[in-house]
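Load the model in your viewer and keep the selection panel open. This tour goes from one selection to the next and says what is there.

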Amino acid sequence: MKISVFSACILLLAIMIAPRAQAQAAGVKENYLEHCSDCHGPERLGAMGTVLLPGNLGRLKKGEAKNIITNGRPATQMPGYGEILSDDEINALVEYVYSSLDYVPEWGLDKINESREILQDLDNLPSKPLHNADPLNLFVVVETGDHHVSILDGDTFEKLARFETHYALHGGAKYSPDGRFVYFGSRDGWVTKHDLYTFELVAEVRVGINLRNIAVSSDGRYVMAANYLPHTLVLMDSKDLSVLKMFDIVDDKGKSSRASAVYNAPPRESFLIALKDIPELWEISYMDNPKPVARGLVHNYKPGQLEGAFDFGPFPLRRIKLDDYLDDFFFDQDYRTAFGAARNAKKGQVVNLNVGRKVGDLELSSMPHLGSGITFEYQGRRVLATPHLKEGAVSVIDMQTWKTIKRIETMGPGFFMRGHENSPYAWVDVFFGPNKDVLHVIDTRTLEIIKTINPAPGKTNAHVEFDRDGSHALVSVWEMDGWVVVYDAVTLEEVKRIPMKKPVGKYNVFNKINYSAGTSH
Ligand code: DHE
């Protein structure tokens, strides 16, 4: 074999560099173990500090991560290492925490049980609220700026309480059916239960390493958590968050998958779970006496007609096989139909949940954000309205024919949309691009934009939620020193602004427990 001078130089260079790279890599690992692992765990799976894996850090830019390692994170126990480590060592640490693990980490029952804490005497909780506000018109506001939650009185818009949460709550707050308890899921896998009579933390448990979201059953007895890491679903007793059952997410051939999300389906008495890496939709019944085919789900059912039947036993699992993956989806109000889409799909799928298969296609242009769609009556028919993530438009889709009946042009791609049974207006934000500071108000009777609102020019102004009677709409200004801005939902004038630390989402108890068609479930 002949080696040219150039190749020889490259080879020599490689031989010279390789040990140094190894030494550097070893240095990073040592630095990590010395300075970071006590709080973030030796495998970066989190402990008192947050998980340091790319999937969990996705929204934190590398520059911000470097700044945190150098200077620390204010109002937390994270110190700065700028005086102890060199710039190169800090850069290497940044790269290290953004590198993937080469195995799927475990987070089994032992670790879950170890993490669980009960903080109140569960059998002697107060029988009445310890505040005078309407308990069903409270808002829970998730402030990810400093990882806190504020509780707002939905009549006076006064802050009643504020408490610290685990790092990076994600997904909507979920309530017990009577609205008394609120449950949160954090990206690091923590599920917490708070009492809205006392605003105290009741119990908490860490069910995974990278959690998607949680759902609460309609009877209030169960909480289900869906994970990215590990590939599991964790079913808990809502009273004390003890684990009742864990499901490994695997298909018939043993391929495992991340969960996209779990939702409660009230009329079906089941949880519906969309999967990211397997083209299946799962349904887990929480009926007391589930049958192989759950009661009342199937009209004119003939044996052999169903593609995926329930297993037997408690919390039986039904697998609905699909043509494509489901990254994003929307359920109709009676949970008979799922409208879903893979992120890169040209067409969406309409899945009939009763017969358990795809029954139609959904016209899709440029990635609708189905998960934040809402429904309302328009000219005697029920329509679904959804913003698009890559296009300045809201699509209005007839829910009987699955055809788009109108595209409403907006000033940019949107993320969240909201309506209310008592209001003729639907609100949608512009989330991306130069106009990310505006929100449009659409008249649901004409499908026309009637007003464009800008509560804080130049900022990201997003996510709307109505109060209990639909008389006010609350908008977030997503800034560290931001606000929740309250609008009169009739005059569309500003009423009040309440300072908050990056208030990403807000959730009204009444609207959520009644599964209002204008809000997320
Ligand atoms: Fe979310 C809800 C998925 C990134 C803020 N987000 C949800 C839900 C899903 C989802 C499936 C519904 C769960 C529920 O409410 O129970 N989100 C995803 C993603 O796949 C995506 C694009 C990538 C990811 O990192 O997970 C993503 N989401 C974000 C963000 O970057 C946002 C804007 C800021 C953040 O804090 O993470 C964000 N997602 C939200 C919010 C909700 C949400 C505020 C609840 C909306 C609601 O009104 O119910």
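**Stop 1: the ligand**

Select Arg 212 and the ligand: an N or O atom in the side chain of Arg 212 is 2.8 Å from an oxygen atom of the ligand. That is a polar contact, a pair of N or O atoms within 3.5 Å; within protein, one must be able to donate a hydrogen and the other to accept it, and residues adjacent in sequence count only if both atoms are side-chain atoms. This is a predicted model, in which local features need pLDDT of at least 70 and side-chain atom pairs count only at pLDDT 80 or more, while totals for chains, interfaces and linings use all residues. Residues are numbered from 1 along each chain as its sequence is written, and side-chain values use heavy atoms, with hydrogens and water left out.

Add His 463. An N or O atom in its side chain is 2.6 Å from an oxygen atom of the ligand. Now show the backbone of Gly 172. One of its backbone N or O atoms lies 2.7 Å from a ligand oxygen atom.

Widen the selection to the shell around the ligand. A residue is near a molecule or strand if one of its heavy atoms lies within 4 Å of it. There are 17 residues around the ligand, and His 170, Lys 174, Arg 418, His 463 and Ser 520 come nearest. Colour the shell by class: five residues are nonpolar, seven polar and five charged. Here Ala, Val, Leu, Ile, Met, Phe, Trp, Tyr, Cys and Pro count as nonpolar, Asp, Glu, Lys and Arg as charged, and the others, Gly among them, as polar.

Which strand gives the most to this shell? It is β13, with three residues. β9 (210–216) and β13 (259–265) each supply at least two. Helices (H or I, at least four residues) and strands (E, at least two) are DSSP runs, numbered from the N terminus.

**Stop 2: the second largest pocket**

Select Leu 53, Gly 55, Ser 100, Asn 210 and Leu 229. Of the 14 residues lining the second largest pocket, these lie nearest its centre. A pocket, on a 1 Å grid over the protein atoms alone, is an open set of points where a 1.4 Å probe fits, with protein on both sides within 12 Å along at least five of seven lines; lining residues have an atom within 4 Å of a point.

The volume is about 270 Å³. Grid points are joined across faces, edges and corners, and a volume is the space filled by probe spheres set on the points. The lining has eight nonpolar residues, five polar and one charged. Show α2 (54–57) and β10 (222–229): each supplies at least two lining residues. The largest share, three residues, comes from α2.

**Stop 3: β22, β23 and β24**

Select strand β23, residues 393–398. Six of its six residues are buried, where buried means under 20% relative accessible area (1.4 Å probe, protein chains only). In a regular strand the side chains alternate between the two faces of the sheet. Ala 393, Ser 395 and Ile 397 point one way from β23, and Val 394, Val 396 and Asp 398 the other way.

Add β22 (residues 381–387), which runs antiparallel to β23 and is joined to it by five bridges. Two strands pair if DSSP finds at least two bridges between them. Find Ala 385 opposite Val 396. β22 and β23 form a hairpin with five residues between them.

On to β24 (residues 404–409). It also pairs with β23 in the antiparallel sense, over five bridges. Thr 404 is the bridge partner of Ile 397. In this hairpin, Trp 402 takes a positive phi near 65°.

Back in β22, pick Thr 386. Thr 386 is buried, with a relative accessible area of 0%. A polar atom of its side chain lies 3.1 Å from the backbone oxygen of His 369.

**Stop 4: β26, β27 and β28**

Select β27, residues 439–443. Five of the five residues are buried, so the strand is largely enclosed by the rest of the structure. Leu 439, Val 441 and Asp 443 point one way, and His 440 and Ile 442 the other.

Add β26 (residues 425–429), joined to β27 by five bridges and antiparallel to it. Tyr 425 has Asp 443 as its bridge partner. Then add β28 (residues 448–453), which pairs with β27 in the antiparallel sense over five bridges. Ile 442 stands opposite Ile 449. Four residues lie between the strands of the β27 and β28 hairpin, where Leu 447 takes a positive phi near 60°.

Technical notes: Buried < 20%, exposed > 50% of the residue type's maximum accessible area, 1.4 Å probe, protein only.
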